[in-house]
Amino acid sequence: MAPELVETREAVRSSECEDSELEKLESDLKPMAHKILDYRSTLPDQLKTTLLSVLDAQRPFLPQLNSTQEQNISGEESSSAPEDPETAKKLKLLNEKISSNCSAMPIVLKRMKDCIAKIEKLDSYNAAIIHPAFKRKKTG
């Protein structure tokens with residue numbers, strides 16, 4: 001056989017292989033393109049709803065009750081089920097404690113931030129300043 005004929009056959013085979021690979025890649029590309037279009041249309045909404053649900057879950061529930069609302073709540077409870085005065089008294093005491101705790105929360109948070117700042121300041125000092133009696137002994 002002539003070497004030219006062998007070279008042309010190899011060239012034809014290689015071009016056929018390239019064509020089949022190209023067709024395979026094109027057929028794989030079409031489903032990927034559809035998936036990308038689908039993700040582009042649905043993903044922003046999914047991210048938005050996920051973010052909103054995470055933010056809602058992290059938001060603390062702090063009811064702002066005033067005296068008229070407390071009277072309405074206690075009136076509704078007494079009309080739905082007969083309750084004794086001791087339970088009503090305990091419920092009112094619980095509501096007062098909750099509201100006082102909520103009002104004291106900013107003060108507690110400020111004190112916590114101050115304490116954390118002091119601890120971080122102490123941590124920033126060199127280890128040479130710490131007395132050896134307060135250092136942990138290495139085991140092992």
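Here are a few exercises on this predicted model, each with a worked solution.

**Exercise 1. Get the overall layout**

Work out how many helices and strands the protein chain has, and in what pattern they run.

*Solution.* Start with the count: the protein chain has three helices and zero strands. Next, walk along the sequence, and the pattern reads α-α-α. Then turn to the surface. The protein chain exposes about 13600 Å², with carbon and sulfur atoms supplying 61% of that area. Finally, check for buried residues: they make up 0% of the 140 residues in the protein chain.

**Exercise 2. Decide where to trust the model**

Find which element has the lowest mean pLDDT and which has the highest.

*Solution.* Begin with the whole protein chain: the average pLDDT is 78, and 77% of the residues score at least 70. Now go element by element. Helix α2, residues 67–80, comes out lowest with a mean of 52. Helix α3, residues 85–124, comes out highest with a mean of 88. What do you do with that? Where pLDDT is low, the predicted coordinates should not be read in detail.

**Exercise 3. Trace helix α3**

Compare the end-to-end reach of α3 with its expected span, then say where the kink lies.

*Solution.* Take the length first: α3 has 40 residues. From first C-alpha to last, α3 reaches 57 Å, close to the 58 Å expected at 1.5 Å a residue. Now look for the bend. A kink of about 40° lies at M105, shortly before the proline P106.

**Exercise 4. Hunt down the salt bridges**

Identify the salt bridges, and say how their partners are spaced along the helix.

*Solution.* The tally comes to two salt bridges. Take K90 first: its partner is E86, with the closest N and O atoms 3.6 Å apart. That falls inside the cut-off, because a salt bridge needs the nitrogen within 4 Å of a carboxyl oxygen. K90 and E86 sit four residues apart in helix α3, so about one helical turn separates them. K90 itself is exposed, at 55% relative accessible area.

Move on to K110, which pairs with D114; here the closest N and O atoms are 3.4 Å apart. Both residues lie in helix α3, four residues apart, about one turn of the helix. For accessibility, K110 is exposed at 54%, while D114 is partly exposed at 37%.

**Exercise 5. Check the cysteines**

State how many disulfides the structure holds, then classify C102 and C115 by accessibility.

*Solution.* Recall what you're looking for: a disulfide is a covalent bond between the sulfur atoms of two cysteines. The structure holds zero disulfides. Now for exposure. C102 has a relative accessible area of 30%, so C102 counts as partly exposed. C115, at 45%, is partly exposed too.

**Exercise 6. Place S99**

Say which helix holds S99, whether S99 is buried, partly exposed or exposed, and how far its C-alpha lies from that of Q64.

*Solution.* S99 is found in helix α3. Its relative accessibility is 42%, which makes S99 partly exposed, because exposed would need over 50% and buried under 20%. Last step, the distance: S99 and Q64 are 35 residues apart along the chain, and 8.3 Å separates their C-alpha atoms.

Key:
Residues numbered from 1 in each chain as written. Predicted model: local features only at pLDDT ≥ 70, side-chain atom pairs only at ≥ 80, totals over all residues. Heavy atoms only, no water. Disulfide = S-S within 2.5 Å. Buried < 20%, exposed > 50% of the residue type's maximum accessible area, 1.4 Å probe, protein only. pLDDT = per-residue confidence, 0-100. Helix = DSSP H or I, 4+ residues; strand = E, 2+ residues; numbered from the N terminus. Expected span 1.5 Å × (residues − 1). Bend = angle between axes of the 7 residues up to and from the residue. Salt bridge = Lys/Arg side-chain N within 4 Å of Asp/Glu carboxyl O. Areas by Shrake-Rupley, 256 points an atom, 1.4 Å probe, with all protein chains shown as cover.
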